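Reader: I should like to examine this two-chain model through a series of questions. Please show the sequence and the structure before we begin.

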Amino acid sequence: MKVFIDPPNSLVLFDLVERFGHEPLSTMAAIQERVDNLEVDMPPMNVTLDDVVRGLKYAGVEVPSGVRGRLSLWGPLIEQADAAIIMDDCPYSFGCVGCERSELMVKYLIKRRGIPTLHVRYPSTDEEAVSFVAMAKEFLEGLN
Amino acid sequence: MTEERETRLFMISPRSMLTPDQLVRLIHAYGAEAIVKETCYGCLVEGPRSLVLDILARVREKHPNEVFSKIRAYPCSDPRRCRAQHGTRPGFAQLEEEWELLSKIQYGLDRVSEGAGYKQYEDRKRISVNDFKRICEVQ
């Protein structure tokens, strides 16, 4: 099954989803398609101008173009996802660098799809990591 | 995802005794025709998707919970990204953050494979206004 991961470029979630036998839907795969099939020669080197226009499907015109650009990559992934894993409170997802607005829009789009979703907290201790891995394992094995 | 080319980064958990050099030698020893580039966190492997997945499976067989991997959008040494060719390399901010997390995830995977389960987290409570004031006011 196709599992959307949030943050969409997370190494940990990508690895866990693949480890437990599913296909992770990530930013890297979306950008790889653009790198291999389209010319991405201008900064920010991961979206084209057309993508920002396509992002209007997921975010209004008054929303900053950065949010629309992100959603033009992640929106189609959410549409094809069969399930999702969301890691809450990631330290690197905070503020404008991680784009909190995009994160909130992603969570809203996932909720609107109504697909099975697992919310896990970013583990800060070894014991929390055990719970995190056990929850992810049970969720992913239950999808089969 | 294209079938022709897949670039994957292999990242070694900080809890592991494996070094990037050992990992690269291990992959070279498989004799596969893939590009392998040693990095500070592990290595990059590039080749046809089936070959890269085969290498990943063999690495996981030998080091099940120590090496983590994800795909990378840009190929190895791509002039648009590669620092050696003055590309617009944005840095390793997230990878660095996640590298620190990997030791905990390795511990978690080890315990879960031994049969450990999960516990419900305690909900984080909001700090009271009086406590917050006490923190803010320098005595």
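Reader: What span should helix 3 (residues 93-113) of chain B have at 1.5 Å a residue?
Author: This is a predicted model, in which local features need pLDDT of at least 70 and side-chain atom pairs count only at pLDDT 80 or more, while totals for chains, interfaces and linings use all residues. Residues are numbered from 1 along each chain as its sequence is written, and chains are lettered from A and ligands numbered from 1 in the order in which they are written. Helices (H or I, at least four residues) and strands (E, at least two) are DSSP runs, numbered from the N terminus, and the expected span of a helix is 1.5 Å times one less than its number of residues. Helix 3 of chain B has 21 residues and its end C-alpha atoms are 30 Å apart, which agrees with the expected 30 Å.

Reader: On which residue is the kink in helix 3 of chain B centred?
Author: The bend at a residue is the angle between axes fitted to the seven residues ending there and the seven starting there. In helix 3 of chain B the kink is about 35°, and its centre is B:Leu101.

Reader: Against which elements do the buried residues of helix 3 of chain B pack?
Author: A residue is buried if 20 or more other C-beta atoms lie within 10 Å of its own, exposed if 12 or fewer, and partly exposed in between, with C-beta atoms placed from the backbone. The buried residues of this helix include B:Leu101, B:Ile105 and B:Val112. Two residues are in contact if their C-beta atoms, placed from the backbone, lie within 7 Å. The packing partners are strand 1 (6-12) and strand 4 (67-72) of chain B, together with helix 1 and helix 7 of chain A.

Reader: Which element gives the largest share of the side of chain A that touches chain B?
Author: The contact takes 28 residues from chain A and 31 residues from chain B. On the side of chain A, the elements that give two or more residues are helix 1 (11-19), helix 2 (27-37) and helix 7 (126-142). The largest share, nine residues, comes from helix 7 of chain A.

Reader: With which residues is A:Phe20 in contact, leaving aside its neighbours within four places in sequence?
Author: A:Phe20 lies in the loop between helix 1 and strand 2 (23-25) of chain A, and it counts as partly exposed because it has 17 C-beta neighbours inside 10 Å. A:Phe139 is 119 residues away from A:Phe20 in sequence, yet 9.7 Å away in space, C-alpha to C-alpha. The contacts of A:Phe20 beyond its sequence neighbours are A:Lys137, A:Leu140 and A:Glu141.

Reader: Why are the buried residues of helix 6 (residues 100-113) of chain A on the same side, and what arc do they cover?
Author: In helix 6 of chain A, the buried residues are A:Ser102, A:Glu103, A:Met105, A:Val106, A:Leu109 and A:Ile110. The arc is that of the directions from the helix axis to the C-beta atoms. The buried residues lie on the same side of helix 6 of chain A because they cover an arc of only 165°.

Reader: Where in helix 4 (residues 65-80) of chain A does the kink lie?
Author: Helix 4 of chain A has 16 residues and reaches 23 Å from its first C-alpha to its last, close to the expected 22 Å. Its buried residues, including A:Trp74, A:Leu77 and A:Ile78, pack against strand 1 (2-6), strand 2, helix 2, helix 3 (49-54) and helix 6 of chain A. The kink is about 35° and comes shortly before the proline A:Pro76, at A:Ser72.

Reader: What is the radius of gyration of chain B?
Author: The radius of gyration is taken over C-alpha atoms, and the globule rule is 2.2 Å times the number of residues to the power 0.38. Of the 139 residues of chain B, 28% count as buried, and its C-alpha atoms fill a box of roughly 65 × 45 × 30 Å along the principal axes. A compact globule of 139 residues would be near 14 Å, whereas chain B has a radius of gyration of 20 Å.

Reader: What is the phi of A:Asp89?
Author: Most residues other than glycine have a negative phi, and most peptide bonds are trans. A:Asp89 is in the loop between strand 3 (83-88) and helix 5 (95-98) of chain A, and it is exposed, with 11 other C-beta atoms within 10 Å. Its phi is positive, near 60°.
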